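Me: Please take a close look at one buried acidic side chain in this model and describe its surroundings. I would then like the account to extend outward to the aromatic pairs, the charged contacts and the surface.

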Amino acid sequence: MAKFIKTCDLSIILAAVLWGCISLFTRPMQENGLSSPMIVAVRAVTTTAVMFLVILIKDRSLLKIRLKDLWMFLGTGIASFLFFNVCYMSSIGENSVSVACMLMYTSPIWVTLFSALLFKERLTVGKVFALLICIASCAMLCLSSSLSISSIGLVYGLLSGLGYGLYSIFGKFATKKYSTTTVIFYTFAFASLGAIPICNIGKAVSLFCRPENILLGALISVFCTILPYMLYTYGLSKTEAGKAAVLSIIEPVVAAIVGFLAFGENPGIIGLVGVLGIVAGIILLEKQKN
């Protein structure tokens with residue numbers, strides 16, 4: 001197996017598979033009364049605690065950051081992770097799982113546009129063509145009569161793509177100065193600080209006292225947050241960012257399979273073409289960047 005696929009590539013694929021299974025936990029948690037901010041809060045707080053222990057054991061100097069660089073982590077933690085996850089989980093609650101995930105994967109559109117504006121990256125004909133494929137495919141996905149999508153769900157989905165894309169923008173600044181471990185820790189630390197005030201902490205604690213919510217909270221924290229972030233970070237440290245982005249495209253495919261098997265969501269011909277079109281557009285876009 002090692003001859004056909006590298007360990008770093010496999011770790012990125014496994015991370016994407018785990019992220020693609022997140023609806024297995026968020027849907028039941030939402031049905032049990034937990035809001036999107038509550039779910040985000042438990043993910044952020046749990047991951048912050050684990051990363052803090054890792055840093056204490058590994059190297060305490062990784063906790064050091066400059067005050068003038070706080071804006072970077074406000075960006076990765078609040079403007080990206082918190083904003084993205086609240087929108088994405090709200091999108092899952094409003095839309096079919098595959099629709100929510102594919103709308104989230106409009107992030108390369110936002111990243112390409114922001115990179116052109118902020119980093120002066122060339123907006124070539126190839127990039128524009130790839131973006132148009134993604135946009136047209138999103139439209140097909142939304143028009144599929146076999147999939148569930150609401151107007152507010154469409155807004156949540158597109159905003160989740162914006163938030164997801166912002167991580168690459170702010171993260172690009174942060175990783176130039178700090179290690180991946182430091183960036184991840186402060187990302188989740190600031191996400192925790194942002195999530196707690198908006199999650200109705202009293203009600204959240206009451207709901208999480210229920211055994212089924214404790215179990216679901218533990219599972220989503222371990223299998224959809226800590227483990228995939230560790231796997232993806234390892235893989236990203238050993239391979240090119242463009243290749244990692246292409247490998248992670250398996251996430252919406254897994255989400256579509258989960259939606260079909262767990263929730264009986266059938267994308268139909270138009271929806272399936274839309275899914276394949278978005279995957280093709282993202283691959284083409286990443287090829288243009290490299």
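Reply: What follows starts at glutamate 251 and moves outward from there.

The model is a predicted one. Glutamate 251 belongs to helix α13, which covers residues 250-263. Its relative accessible area is 3%, and because buried means under 20%, glutamate 251 is classed as buried. Setting aside neighbours within four places in sequence, the contacts of glutamate 251 are Ala16, Trp19, Gly20, Tyr88, Cys101, Met104, Tyr105 and Tyr164. Threonine 233 stands 18 residues from glutamate 251 in sequence, and the two C-alpha atoms are 16 Å apart in space.

Two of these contacts, Trp19 and Tyr88, lead on to the aromatic pairs. The whole structure contains 10 such pairs. In one of them, the ring centres of tryptophan 19 and tyrosine 232 are 5.5 Å apart and the planes meet at 55°, so the arrangement is tilted. This pair joins distant parts of the chain, since tryptophan 19 is in helix α1 (residues 7-20), tyrosine 232 is in helix α11 (residues 211-238), and 213 residues separate them. Both tryptophan 19 and tyrosine 232 are buried.

Tyrosine 88 pairs with phenylalanine 84 in a stacked arrangement, with 5.7 Å between centres and 15° between planes. Here both partners are in helix α4 (residues 70-94), four residues apart, or about one turn of the helix. Phenylalanine 84 and tyrosine 88 are likewise buried. Elsewhere, ring pairs connect Phe52, Phe73, Tyr178, Phe185 and Tyr186 into a cluster.

Helix α4 also carries serine 91. With a relative accessibility of 0%, serine 91 counts as buried. Apart from residues up to four places away in sequence, serine 91 touches Ala100, Gly153, Tyr156 and Gly157.

Next come the charged groups. Arginine 27 is placed over the face of phenylalanine 263, 4.6 Å from the centre of the ring. Phenylalanine 263 is within the span of helix α13, given as residues 250-263, the helix that also holds glutamate 251.

Side chains of opposite charge can pair when their charged atoms come close. A search of the whole structure yields one salt bridge. Its partners are aspartate 69 and lysine 177, whose closest N and O atoms are 3.2 Å apart. The salt bridge connects distant parts of the chain: aspartate 69 is in the loop between α3 (36-58) and α4, lysine 177 is in the loop between α8 (151-174) and α9 (180-195), and the two are 108 residues apart. The partners fall into separate exposure classes: aspartate 69 is buried at 2% relative accessibility, whereas lysine 177 is partly exposed at 47%.

The account ends at the surface. Leu113, Leu123, Val128, Leu132 and Ile135 make up a nonpolar patch there, together offering about 410 Å² of accessible area. Helix α7 (residues 125-143) supplies the largest share of this patch, three residues. Valine 128 is located in helix α7. Its relative accessibility is 34%, so valine 128 counts as partly exposed.

Notes. Residues numbered from 1 in each chain as written. Predicted model: local features only at pLDDT ≥ 70, side-chain atom pairs only at ≥ 80, totals over all residues. Heavy atoms only, no water. Buried < 20%, exposed > 50% of the residue type's maximum accessible area, 1.4 Å probe, protein only. Contact = heavy atoms within 4.5 Å. Phe/Tyr/Trp six-rings, centres within 6.5 Å; stacked < 30°, edge-to-face > 60°. Lys NZ or Arg CZ within 6 Å of the ring centre and 35° of its normal. Patch = residues over 30% accessible without salt bridge, like charges linked within 9 Å, V, L, I, M, F, W, Y side chains within 5 Å. Areas by Shrake-Rupley, 256 points an atom, 1.4 Å probe, with all protein chains shown as cover. Salt bridge = Lys/Arg side-chain N within 4 Å of Asp/Glu carboxyl O.
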